[in-house]
Amino acid sequence: MVGLVRPAELDDSAAIARVHVATWRTTYGGLLPEDFLASLDAAGYEQRWRRTLRERPDHVYVAEEHDMVVGFASGGRERAGETGYSGELYAIYVLREAQGRGHGRRLVQAVVGGLREMGLTDMIVWVLRENRTARDFYEKLGGVFVRSQPITIGSALLQEVSYGWKSLDAIRY
Ligand SMILES: CC(C)(COP(=O)(O)OP(=O)(O)OC[C@H]1O[C@@H](n2cnc3c(N)ncnc32)[C@H](O)[C@@H]1OP(=O)(O)O)[C@@H](O)C(=O)NCCC(=O)NCCS
């Protein structure tokens, strides 16, 4: 089926929060503490997404199937001062049941379009080292390993790794 990706609107906050919580649970089960995943609160995330969308409406995109939000992605200026990168893919999540149908690829394309509009020409993304599916996805898109660093999520001390594209033109959709 043909999926649609469009810029997120304020009214998408609840749907994005639902996808956020559901995908964190399916993606990070076994990786992050169960009590942390159980405590994720869709209402709290809805408020956070509402704030984000109010402040930066152009950099969040949703993927839809039959008018239902099944994924989202966000991006913008690189946040941590990584040398050599000015653009960043902040987040990309597609419901498990909707994965493998091109939503991820289309969401990356949308975020990259947003980065280009901001005049940014490269992109970095951070991913948990143990998240093999997402790492495969970024490698398939031509991302090059940059480095790894520790990250604390809830009570878990983990490693995250970054992938970079020195030029947005180098992304292999
Ligand atoms: C990573 C993710 C965003 C990819 O989105 P998607 O909609 O499944 O990806 P697409 O259908 O656009 O697939 C694009 C390519 O990625 C690769 N890919 C996608 N899912 C894959 C999987 N489960 N295993 C291996 N490769 C995969 C495929 O090579 C695919 O290319 P193909 O269609 O030519 O085979 C999605 O799987 C997801 O949300 N995962 C859970 C959340 C997550 O880990 N987010 C990233 C956090 S940093």
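A polar contact here is a pair of N or O atoms within 3.5 Å. Keep that cut-off in mind, because we need it for the ligand. One caution before we start: this is a predicted model.

Straight to the ligand. A backbone N or O atom of G104 lies 2.8 Å from one of the ligand's oxygen atoms. That is inside the cut-off, so the pair counts as a polar contact. R101 also uses a backbone N or O atom, at 3.1 Å from a ligand oxygen. N131 works through its side chain: a polar atom there sits 2.7 Å from an oxygen of the ligand. In total, 21 residues surround the ligand. Which of them come nearest? They are I92, V94, G102, G104 and N131.

Now the sheet. It is open and has 7 strands. Read across, the order is β1-β2-β3-β4-β5-β7-β6, with mixed pairing. Where are the edges? They are β1, residues 4-7, and β6, residues 144-153, and each pairs on one side only. Neighbouring strands are turned by 25° against each other on average, ignoring direction.

Start at the β1 edge. β1 and β2, residues 60-65, run antiparallel and are joined by 4 bridges. In that pair, V5 has A63 as its bridge partner.

Two helices to point out. Helix α1, residues 13-28, packs on the sheet and touches β2, β3, β4, β5 and β6. Its direction makes about 90° with that of β3. Helix α4, residues 103-117, packs on the sheet too, touching β1, β2, β3, β4 and β5. The angle between the directions of α4 and β4 is about 155°.

Over to the other edge. β5 and β7 run antiparallel, with 6 bridges between them. There, M123 stands opposite W165 of β7. β7 also pairs with β6, again antiparallel, over 8 bridges. P150 faces Q159 of β7 in that arrangement. β6 and β7 make a hairpin with 2 residues between them. In the turn, G154 has a positive phi of about 60°.

Why is β7 largely enclosed by the rest of the structure? Because 8 of its 10 residues, in the run 156-165, are buried.

Last, the core. The largest nonpolar core has 53 residues. L32, M123 and Y138 touch the most other members. Helix α1 gives the largest share, 7 residues. As for M123, set aside its neighbours within four places in sequence. Its contacts then include Y85, L89, V108, V112, L115, W165, L168 and I171. In soluble globular proteins, nonpolar side chains tend to be buried together.

Technical notes
Residues numbered from 1 in each chain as written. Predicted model: local features only at pLDDT ≥ 70, side-chain atom pairs only at ≥ 80, totals over all residues. Heavy atoms only, no water. Pairing = 2+ DSSP bridges. Axes fitted to C-alpha atoms, helices over the stretch in contact; angles between N-to-C directions. Contact = heavy atoms within 4.5 Å. Core = buried A, V, L, I, M, F, W, Y, C linked by side-chain atoms within 4.5 Å. Buried < 20%, exposed > 50% of the residue type's maximum accessible area, 1.4 Å probe, protein only. Near = heavy atom within 4 Å. Polar contact = N/O pair within 3.5 Å; in protein donor to acceptor, adjacent residues only side chain to side chain.
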